[in-house]
Amino acid sequence: MIKSLHRNSSIALYMACNEKIISPFVREVLRVAWAMVALDPPIDLPAALEGDVINETRYRRTYDSEFSASTIDYFVWPALVRDRKVLAKGEVVTRRTSPRKAGKV
């Protein structure tokens with residue numbers, strides 16, 4: 001993972017910290033991710049994309065979301081699912097138009 005950050009120069013530019021700081025974090029994230037998928041049955045992070053319609057059974061909106069909007073602007077935290085049952089709801093921000101995407105033509 002760290003080596004791929006160094007190989008991809010566009011990502012490496014945005015790393016505000018050095019390798020000594022981020023390496024333990026990356027290792028811990030990978031350890032937790034492995035522990036989640038190694039369970040029997042595994043915990044799943046359901047695939048979802050920005051721009052999708054919010055699934056109220058899997059996600060809740062943040063306090064600063066537009067509650068009249070149904071389109072996901074971005075994800076704050078993923079939903080955790082096991083055997084098609086939601087263990088923990090994820091958190092998303094909903095907006096009518098994304099300020100980040102509105103300027104693109």
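Mentor: Let's start with one residue, Tyr-59. Leaving aside residues up to four places away in sequence, Tyr-59 touches Pro-46, Ala-48, Ile-54, Phe-75, Trp-77, Pro-78, Ala-79, Lys-89, Gly-90, Glu-91 and Val-92. Keep in mind that this is a predicted model.

Trainee: Which residues make up the largest nonpolar core?

Mentor: The largest nonpolar core has 5 residues, and Tyr-59 is one of them. The others are Ile-54, Ile-72, Ala-79 and Val-92. Among the contacts of Tyr-59 you can find Ile-54, Ala-79 and Val-92.

Trainee: Now the sheet, please. What is the order of its strands?

Mentor: To read a sheet, look at which strand sits beside which. Here the sheet is open and has 3 strands, in the order E1-E5-E2, with mixed pairing. Strand E1 (59–61) and strand E2 (72–77) each have a single partner strand, so they stand at the edges and one side of each lacks a neighbour in the sheet. From one strand to the next, the twist averages 35°.

Trainee: In which sense do E1 and E5 pair, parallel or antiparallel?

Mentor: E1 and E5 pair in the parallel sense, over 3 bridges. One residue pair to look for is Arg-60 with its bridge partner Glu-91 in E5.

Trainee: And over how many bridges do E2 and E5 pair?

Mentor: E2 pairs with strand E5 (residues 90–94) over 4 bridges, in the antiparallel sense. Follow the two strands and you will see Ile-72 opposite Thr-94, and Phe-75 opposite Val-92.

Trainee: Is E5 largely enclosed or open, and why?

Mentor: Count its buried residues. In E5, 4 of the 5 residues are buried, so this strand is largely enclosed by the rest of the structure. Glu-91 is partly exposed, with a relative accessible area of 26%.

Trainee: Let's move on to charged pairs. How many salt bridges does the structure hold?

Mentor: There are 3 salt bridges. For each one, check the distance, then ask where the two partners lie. The side chains of Glu-91 and Arg-60 meet at 4.0 Å, N to O. This pair links distant parts of the chain, as Glu-91 is in strand E5 and Arg-60 in strand E1, 31 residues apart. Arg-60 counts as partly exposed, at 43% relative accessibility.

Trainee: How far apart are Glu-28 and Arg-31 in helix H3?

Mentor: Glu-28 and Arg-31 are 3 residues apart in helix H3 (residues 19–37), which means about one helical turn separates them. Their side chains form a salt bridge at 2.5 Å, N to O. Glu-28 is partly exposed with a relative accessible area of 39%, and Arg-31 is partly exposed with 49%.

Trainee: Which residue forms a salt bridge with Arg-61?

Mentor: That partner is Glu-56, with the closest N and O atoms 2.9 Å apart. Arg-61 counts as buried at 17% relative accessibility, whereas Glu-56 counts as partly exposed at 41%.

Trainee: One last feature: how do I read the backbone angle phi?

Mentor: Start from the general rule: most residues other than glycine have a negative phi. Then look for exceptions. Asp-83 is not a glycine, yet its phi is positive, about 50°. Arg-84 is not a glycine either, and its phi is positive too, about 65°.

Trainee: Where does Asp-83 lie?

Mentor: Asp-83 lies in the loop between strand E3 (80–82) and strand E4 (85–88), and Arg-84 is found in the loop between E3 and E4 as well. Asp-83 is exposed, with a relative accessible area of 56%. Arg-84 is also exposed, with a value of 83%.

Technical notes:
Residues numbered from 1 in each chain as written. Predicted model: local features only at pLDDT ≥ 70, side-chain atom pairs only at ≥ 80, totals over all residues. Heavy atoms only, no water. Pairing = 2+ DSSP bridges. Axes fitted to C-alpha atoms, helices over the stretch in contact; angles between N-to-C directions. Buried < 20%, exposed > 50% of the residue type's maximum accessible area, 1.4 Å probe, protein only. Core = buried A, V, L, I, M, F, W, Y, C linked by side-chain atoms within 4.5 Å. Contact = heavy atoms within 4.5 Å.
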